[in-house]
Amino acid sequence: VEAVHLIADGKAPRIPQPKEGATYEGIQKKENAEISWDQPAAALHNWIRGHDKVPGAWTTIDGQVVTFYGSSLLDASVPAGQELAIKGASRPGLVTKNGLVVFGNDGKMLLVRNLQFEDGKMIPASKYFSADETTALELTEEEKKMAEDIR
């Protein structure tokens, strides 16, 4: 009650908040979100999920910064997949039909569902090795005629 009366009378003490520690900006910088691979799978999962969507937990794959999104812990046998070397990881990841399987230093696994490249392109992690493939669009005669009419 006394504090309320001091505020109402304009006599409450004013203590300025220190600038240090007054913002969360420092932890939301991309350079602070790099994945440290020397951790158990649960810690890696928490790091990746904790940085979804901003700024995004990232690592280097094939000399390129790749950001991981959508992590979940896996409690199963090691799935079949194509190996993917990840800088700093104790063992390569596996690109599987469900996503990218990565390993903690405890040998346990987690699954990453989406990857984003430096150019902003996001793909399902399961499509990592097919990301560069492009298919040519082939039009039927009717579609060719329609395209010409539109031109």
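Here are three short exercises on a predicted model, each with a worked solution.

**Exercise 1: the second largest pocket**

Work out which residues line the second largest pocket and how the lining splits by class.

*Solution.* Start with the volume, which comes to about 150 Å³. Next, list the lining: Ala41, Ala42, Leu73, Leu74, Asp75, Ala76, Asp106, Gly107, Lys108 and Met109. Then sort by class, and you get six nonpolar, three charged and one polar residue. Gly counts as polar here, so Gly107 from the lining goes in that bin. Finally, map the lining onto the secondary structure: α2 (41-50) and β2 (64-74) each contribute at least two residues.

**Exercise 2: an aromatic pair**

Classify the ring pair Phe117 and Tyr128, then place both residues in the chain.

*Solution.* First, a search of the whole structure turns up three aromatic pairs. For Phe117 and Tyr128, the ring centres are 6.0 Å apart and the planes sit at 35 degrees, so call this pair tilted. Now place the partners: Phe117 belongs to strand β6 (residues 109-117), while Tyr128 is in the loop between β7 (122-124) and α3 (141-150), eleven residues apart. On to burial, where the cut-off is under 20% relative accessible area. Phe117 has 12%, so it is buried, and Tyr128 at 12% counts as buried too. One last step: ring pairs join Phe117, Tyr128 and Phe129 into a cluster.

**Exercise 3: charges over rings**

Find which residue lies over the face of Tyr69, and which over the face of Phe103.

*Solution.* Take Tyr69 to begin with: Lys53 lies over its face, 4.3 Å from the ring centre. For Phe103, the residue is Arg91, at 3.6 Å from the ring centre.

Definitions and conventions:
Residues numbered from 1 in each chain as written. Predicted model: local features only at pLDDT ≥ 70, side-chain atom pairs only at ≥ 80, totals over all residues. Heavy atoms only, no water. 1 Å grid on protein atoms, 1.4 Å probe; cavity = no way out; pocket = protein on both sides within 12 Å on 5 of 7 lines; lining within 4 Å. Points joined across faces, edges and corners; volume = space filled by probe spheres on them. Helix = DSSP H or I, 4+ residues; strand = E, 2+ residues; numbered from the N terminus. Phe/Tyr/Trp six-rings, centres within 6.5 Å; stacked < 30°, edge-to-face > 60°. Buried < 20%, exposed > 50% of the residue type's maximum accessible area, 1.4 Å probe, protein only. Lys NZ or Arg CZ within 6 Å of the ring centre and 35° of its normal.
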